[in-house]
Amino acid sequence: MQVLNAGLIGYKFMGRAHSNAFRQVNHFFDSKAKIGLKSICGRDGEAVSKAALKFGFESYDTDWKTLIKRDDIDFVDITAPGNMHREIALMAAAKKKHIFCEKPLAMNAREAKEMWIAAEAAGIRHQVGFNYRFVPAIRLAKRLIDEGKIGTIYHFRALYLQDWIVDPAFPLVWRLDKKIAGSGANGDINAHLIDLARYLLGDIERVSGLQKTFIKKRPMVDMMDGLRATGVDSSTYGDVTVDDASLFLAEFKSGALGSFEATRFASGRKNGMSFEINGSNGSIRFEFERMNELLYYNNEDPSYQRGFKLISATEPEHDYAGNWWPPGHIIGYEHTFVHEMFEFVQAMADGSNASPDFKDGYECCRILDAVDKSAAEREWVNV
Ligand code: SOE
């Protein structure tokens, strides 16, 4: 069987999630090709060599340009911070390597468009890491919508609530630096809501945003792993240059109305992503922290039976679920990465378009930029 060799750039939070996905795809899915764990890349030689050993890579590189130039790499997976995406992707496309890139695709829509055009011109497969599209219960939501079960959609109401920086003593990690991350809650977590909104309802016409940075200075720090930091220097402070919270109202091209709230200041909420969709025939509700379930309300049920029905999306008929365990034996966060990587391997193996691709990443960046602009100018902005 064909083996597609991975060159993974980054070995922290997303690097761990993606390398685990490579192995699980081979183990649980009948994909058209296997993934080879060829090389993992990071600047710190000692740390990346340990990661290579732990995650099961054959080798490691300390310079991403060297990695991209290797003849034994078929695709490049970018999990480095946002400010590196463009340069890496442009070189990978020039070398005709397929590219998987974490979200948000780029620092802004201009960069994202450049990446999309370069990838298309090179004829490579390209995909963005909007992993929540691959939750079986969200696929079911899409199916119900496409089958007309919800009818005409009037509302999309979405929240992404986290609290990992609510403590003012939490240090100035790279995700709080605009030069590295591009933006804060907007690009990091609103991006997911925007992608889901586009996936389920289609494009957004205009937005009205409101953003806030509640804590403007934070202690400096050495290292970050996942959402934890080490080596905090509480005597030196630096400026937070991104939004802590980003809210916006939206009008979809379909005429539906949307409200979006993304914040890192919702005490008690760890990864509280949820949405509700209301239509002429019914409603759908999803909460990530109960990700195996979907709530569905059908207006056409006899009135004495009406109520939200809880569907467990773990049957073999639910996308991806049959590749795992018997019904009711639930899956978790890491499985979403396995599913997205499975789809990417299929696209690379048979030359079909991957989805969500760099065009979707670009469309998301256009909306993120419009929200930033609207919040800064305190006006509605057309996307
Ligand atoms: C941090 O806010 C983060 O890990 C995001 O970067 C991810 O994309 C999201 O899935 C969970 O939260």
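Select helix 2, residues 45-55, in this predicted model. Colour Val48, Ala51, Ala52 and Phe55: these residues of helix 2 are buried. Now look down the axis of helix 2. The buried residues fall within an arc of 105°, so they line one face of the helix. An α-helix has 3.6 residues a turn, so residues three or four places apart point the same way. Next, colour Glu46, Lys50, Leu53 and Lys54. These four are exposed, and they sit on the other side of helix 2.

Move on to the ligand. Select the residues around the ligand; there are 13 of them. Which of them come nearest? Lys103, Tyr132, Gln162, Asp188 and His192 do.

Show side chains for three of these residues and check the distances to oxygen atoms of the ligand.

- Lys103: an N or O atom of its side chain is 2.8 Å from an oxygen atom of the ligand.
- Tyr132: here the distance from a side-chain N or O atom to a ligand oxygen is 2.7 Å.
- Gln162: a polar atom of the side chain lies 2.8 Å from a ligand oxygen.

Turn on the surface of the protein. On its own the ligand has 300 Å² of accessible area, and the protein covers 95% of that.

Now colour the shell around the ligand by residue type. It holds 7 nonpolar, 3 polar and 3 charged residues.

Which helix gives the most to this shell? Select residues 185-201: this is helix 8, which gives the most, with 3 residues.

Finally, colour by domain. Domain 1 (2-132) and domain 2 (135-332 + 364-382) each supply at least three residues of the shell around the ligand.

Definitions and conventions. Residues numbered from 1 in each chain as written. Predicted model: local features only at pLDDT ≥ 70, side-chain atom pairs only at ≥ 80, totals over all residues. Heavy atoms only, no water. Near = heavy atom within 4 Å. Polar contact = N/O pair within 3.5 Å; in protein donor to acceptor, adjacent residues only side chain to side chain. Areas by Shrake-Rupley, 256 points an atom, 1.4 Å probe, with all protein chains shown as cover. Helix = DSSP H or I, 4+ residues; strand = E, 2+ residues; numbered from the N terminus. Nonpolar A, V, L, I, M, F, W, Y, C, P; charged D, E, K, R; others polar. Domains from an automatic or database assignment. Buried < 20%, exposed > 50% of the residue type's maximum accessible area, 1.4 Å probe, protein only. Arc of directions from axis to C-beta.
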